[in-house]
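Reader: I would like a close look at the aromatic rings in this model, and at what sits around them. Please take the part in detail, then place it in the rest of the chain.

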Amino acid sequence: LVKGYISKSLELLLDLLSYPQTRTHVASYISSHNLTVKLVLSKLYRDQSFVLFRQQVNMLLDSERMEGGMGSSTSNSSALMEKGVDRLIYQRAHTLQKLLHRHYVEEASDVVFAGVGRVTDATWLREKIGLWSENTLYDVCYRLRLVDDRDIGSSTAEIAEQLECTRRDLLTSIIIYHQSSR
């Protein structure tokens, strides 16, 4: 019963994302609440028997990446979309490096002085983030406006508890996803 409800809810989100009139509102809601990150970290996504859920979450991830590359343009040119995605990823990496240079140059010097190709490599970035303190990690996510425990709703600690992962894993996944997607 619960799995049916979840799959129908995800189906509704996917349908809403397929219409231009609702896409901008739903996509910004999904992005601002880190919904795709939460879904990927959930027990249901790790459950190999619930194939439909995994497929729907992957479709959400794909549509989110498409939305980021397309923006408000109606052009279907894959070259333009790829260029837009590359530019956005470059901007995010550069923003992360500037923020770290201003506030955490000692603790995060590897990331500050690395090339953009390195910063956008999820494996390398995850390794470097693992060296930061949890407070630094939270502050970076907060300054990038990816999380805010003062928001109405659950704090990152409560969300991590619900997902049965550590707060550090949740914050790391959010920042990795933000840096490497769209």
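Author:
**Aromatic pairs and their setting**

The protein chain has twelve helices and zero strands. The model is a predicted one. Read along the sequence, the pattern is α-α-α-α-α-α-α-α-α-α-α-α. The chain has 182 residues, and 39% of them are buried. Among contacts with a separation of 6 or more, 60% join residues 24 or more positions apart.

Now the rings. A pair of aromatic rings is described by the distance of the centres and the angle of the planes. The structure holds two aromatic pairs. Phe-50 and Phe-53 form a stacked pair, with 5.5 Å centre to centre and 20 degrees between the planes. Phe-50 is buried, and Phe-53 is buried too. Tyr-138 and Tyr-142 also form a stacked pair, at 6.2 Å centre to centre and 20 degrees between the planes.

Where do Tyr-138 and Tyr-142 lie? Both belong to helix α10, which covers residues 134-143. They are four residues apart, about one turn of the helix. Their exposure can be compared with the cut-offs. Tyr-138 has 16% relative accessibility, so it counts as buried, the limit being under 20%. Tyr-142 has a relative accessible area of 30%. That value falls between 20% and 50%, so Tyr-142 is partly exposed.

Charged side chains come next. Lys-3 lies over the face of Phe-50, at 5.1 Å from the ring centre. Phe-50 therefore has two partners to note: Phe-53 in the stacked pair, and Lys-3 over its face. Another charge sits over Tyr-45. There, Arg-54 lies over the ring face, at 4.3 Å from the ring centre.

Lys-3 leads on to helix α1, since that helix covers residues 2-17. Helix α1 has 16 residues. From its first C-alpha to its last it reaches 23 Å, close to the 22 Å expected at 1.5 Å a residue. The buried residues of α1 are Ser-7, Leu-10, Leu-13, Leu-14 and Leu-17. Seen down the axis of α1, these fall within an arc of 115 degrees, so they line one face of the helix. The face turned away from that buried side carries the exposed residues Tyr-5 and Lys-8.

Helix α9, residues 122-129, can be read in a similar way. Its buried residues are Trp-124, Leu-125, Lys-128 and Ile-129. Down the axis of α9, they fall within an arc of 130 degrees, so they line one face. On the other side of α9, Thr-123 and Glu-127 are exposed.

Two residues of that buried face turn up again in contacts from elsewhere. Take Trp-124. Leaving aside neighbours within four places in sequence, Ala-114 is in contact with Gln-97, Val-119 and Trp-124. Ala-114 sits in the loop between α7 (109-112) and α8 (116-119). At 17% relative accessibility, Ala-114 counts as buried. Its C-alpha is 8.5 Å from that of Gln-97, and the two are 17 residues apart along the chain.

Take Ile-129 next. With neighbours within four places in sequence left aside, Thr-172 is in contact with Arg-126, Ile-129 and Leu-137. Thr-172 lies in helix α12, residues 167-180. It counts as buried, at 7% relative accessibility. The side chain of Thr-172 reaches the backbone oxygen of Arg-168 at 2.8 Å.

Ahead of α12 comes Thr-166, in the loop between α11 and α12. Thr-166 is partly exposed, at 43% relative accessibility. Its side chain reaches the backbone nitrogen of Asp-169 at 3.0 Å. Thr-166 and Thr-156 are ten residues apart in sequence and 9.5 Å apart in space, C-alpha to C-alpha.

One backbone point remains, back by α10. Arg-145 lies in the loop between α10 and α11 (156-163). It has a positive phi of about 60 degrees although it is not a glycine. Arg-145 counts as exposed, at 76% relative accessibility.

To return to the request: Phe-50 and Phe-53 are stacked and both buried, with Lys-3 over the face of Phe-50. Tyr-138 and Tyr-142 are stacked within α10, where Tyr-138 is buried and Tyr-142 is partly exposed.

Conventions:
Residues are numbered from 1 along each chain as its sequence is written. This is a predicted model: local features need pLDDT of at least 70, side-chain atom pairs count only at pLDDT 80 or more; totals for chains, interfaces and linings use all residues. Side-chain values use heavy atoms; hydrogens and water are left out. Rings of Phe, Tyr and Trp (its six-membered ring) pair if their centres lie within 6.5 Å; planes under 30 degrees apart count as stacked, over 60 as edge-to-face and the rest as tilted. Buried means under 20% relative accessible area, exposed over 50%, partly exposed in between (1.4 Å probe, protein chains only). Helices (H or I, at least four residues) and strands (E, at least two) are DSSP runs, numbered from the N terminus. A charge sits over a ring if NZ of Lys or CZ of Arg is within 6 Å of the ring centre and within 35 degrees of the ring normal. The arc is that of the directions from the helix axis to the C-beta atoms. The expected span of a helix is 1.5 Å times one less than its number of residues. A polar contact is a pair of N or O atoms within 3.5 Å; within protein, one must be able to donate a hydrogen and the other to accept it, and residues adjacent in sequence count only if both atoms are side-chain atoms. Contact means heavy atoms within 4.5 Å.
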